[in-house]
Amino acid sequence: MIQDAVVDLFIENATKAGAHVVRVTNVEELNSSLAGMLDRVNSVYSPGLTETERTLDIPAECRTDDYKDAAACVEEVHGAIAETGSLICSSRGGRAVQAGLLPRRHIAIVSAENIFADLDRFLGDLGDSPPTNVTLETGPSRTADIELTLTIGVHGPEHLGIIVL
Amino acid sequence: MGARSESIPFRENAAQAVRNAALRAAMRNATGTFSVKRSHAIASVPIEEWRELASQVRLHVLDNLEEYVNRFERNAVKAGATVHRAKDAAAAREIVWCLLKDHGARKVVKSKSMITEEIHLNDYLERQGLTVVETDLGEYIIQIAREHPSHIIVPAIHKSRRQVGNLFAEKLGCERSEDPVVLAKIARAKLREEFLSADAGISGANFAVAGSGSLVLFTNEGNGRMCTTLPELHVAVLSIEKVIPSLADLPKFIRLLPRSATGQILSAYVSIISGTRKAGEATGARHLHIVLLDNGRSDIVSGDCREMLKCIRCGACLNACPVYQTVGGHAYGSTYPGPMGIVLTVLLEGMERAHTLLDGTTLCGACGDVCPVKVPLPRLLRRLREQRVEIGFTAAAERLGMVGFGLAARSPAFFELAQKLARLAWKPARITGIGSTLDRMPMPATTPFRKRIS
């Protein structure tokens, strides 16, 4: 029950930050949401490091092993933080955290049980030996460096899609 | 460097800045927007409680600075980084240059860092023949314009879209546009090539975590992440007071920094970098060198303006300051502008060079009210003004005037005499034009206020 409220808060805050968020309950729904987000995207990087990533239905001819040239990166992230609407991207398990940064689209899958209520609950338990890289990602890449006009996607992704599983 | 000892011509710079209507409009728009966004961002959170907590952590660090810096160094080394200590700017520049040389680096990408502005790193590296590319859009704009940042968060705040459009067309040879979205796209394409071909990345750090040896970087564009993860070599330059005790303290600052800086709940990216890439990992630089810069901090921390070192460089005091809002960042002629810039510049560069900046405050207290870590800026500004008088860096006329006022204020008879003299002297003074500022001052009343109420 409490976790439901946490998930709702995460979805609300991630949406406010500019992410496109959907919630799914099974692998079929996951794959159909993914297909919608990947419409007309023809080079997808997905590392296949987790069980969820291995069940993703991405056609072989659309896949690429080089995230630098990919149009989209689809991956399961370590978790999320409801308070700020952030994804937690971690280098643990051999993940290339920068893979979610270079393509124009980043589609992140997060398991509902891995969503932390607030920053303290995640960072407070990270301890003194964190993974080499932990990045909190909140909304798409942005800048307001020219006349404070908000511009999305300056170096990182223009589009951030989140699928809560 | 001989000109260093000369004082900054702040009055002259400011006088020129206020005559620049375009600059004033840009500053009004920017500082106004940021102030409003900040107010919204803190409206429904317990901001006073957060400020107090963060202030306490920063004070605790300053009380035990050496210990925390040593702990940070130990843990960063344990995580795979190499840590270098630099006493001053020259030493830091030398260390960075030697590291780049040893790795055979020719091209360096940089993420926005005020500390590398403080030590004038880019000019130095370019003189050694390196190509240095700033990758934050604002920094990139001012780099190709060959200017300096005018705001610590948005460096090109003084430039209009028209100016940026002209600049890009001229320097990058692209089609002219005034659309920020198009301009950002041009920069994205241009800089992506640079990221992928750079030999090294240089960054600063917003925080250094003692307990885990981690560097923490806040960015919105993603360029900071690219500079620190794509090249084989990452060199981070930071000053020693950036240290915080542990990752458990980080939420306090994550909540305050973006809200105070840009009015965001959170910047798009917060990267926590702990050492180098380890066996079986696919992220992280192969070589991480951290340059810990003192540059006067050890002296400041034992002096009576030590609380300045609590500063987390959010820029809120710049946006809140009526002087900064009017004259913009360049008038200060220093790396750091605005209220925090005045105090820090006097402390870092000395009274002789920076005493003129102390004119750039109205003592209204707005800077102190917005500071997320409760740096007592109004008190520090007053303290430094007192010091300026004590050392004797004020104009003779001002000193004489103050002695006169002191006498008059201490004796009612003298005071009344002074009022009478002021009335008598008014017309001749205006006619002869002694002090054009008199034009803007009202004529002293025939019956003084004190007489009217007694």
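**Exercise 1.** In this predicted model, determine how many bridges join strand β7 of chain B to strand β10 of chain B, and in which relative direction the two strands run.

*Solution.* Step 1: Locate the strands; β7(B) covers residues 233–239 and β10(B) covers residues 287–293. Step 2: Seven bridges link them, and the two run parallel. Step 3: As a point of register, Val237(B) faces Val291(B) of β10(B).

**Exercise 2.** Place this pair in its sheet and identify the edge strands.

*Solution.* Step 1: The open sheet of chain B has six strands, ordered β1-β10-β7-β4-β2-β3, with parallel pairing. Step 2: β1 (82–86) and β3 (131–134) of chain B each pair on one side only, and these are the edge strands. Step 3: On average, neighbouring strands of this sheet are turned by 20° against each other, direction ignored.

**Exercise 3.** Describe how helix α5 of chain B lies on the strands, and establish which of its residues are buried and which are exposed.

*Solution.* Step 1: α5(B), residues 89–102, lies across β1, β2, β4, β7 and β10 of chain B and runs at about 170° to β10(B). Step 2: Its 14 residues reach 20 Å from the first C-alpha to the last, close to the 20 Å expected at 1.5 Å a residue. Step 3: The buried residues in α5(B) are Ala89(B), Ala92(B), Arg93(B), Val96(B) and Leu100(B). Step 4: Viewed down the axis of α5(B), the buried residues fall within an arc of 100°, so they line one face of the helix. Step 5: Cys98(B), Lys101(B) and Asp102(B), on the other side of α5(B), are exposed. Step 6: Just after α5(B), Gly104(B) adopts a positive phi of about 65°.

How values were computed
Residues are numbered from 1 along each chain as its sequence is written. Chains are lettered from A and ligands numbered from 1 in the order in which they are written. This is a predicted model: local features need pLDDT of at least 70, side-chain atom pairs count only at pLDDT 80 or more; totals for chains, interfaces and linings use all residues. Two strands pair if DSSP finds at least two bridges between them. Helices (H or I, at least four residues) and strands (E, at least two) are DSSP runs, numbered from the N terminus. Axes are lines fitted to C-alpha atoms, for helices over the stretch in contact, and angles run from 0 to 180 degrees between N-to-C directions. Two residues are in contact if their C-beta atoms, placed from the backbone, lie within 7 Å. The expected span of a helix is 1.5 Å times one less than its number of residues. A residue is buried if 20 or more other C-beta atoms lie within 10 Å of its own, exposed if 12 or fewer, and partly exposed in between; C-beta atoms are placed from the backbone. The arc is that of the directions from the helix axis to the C-beta atoms.
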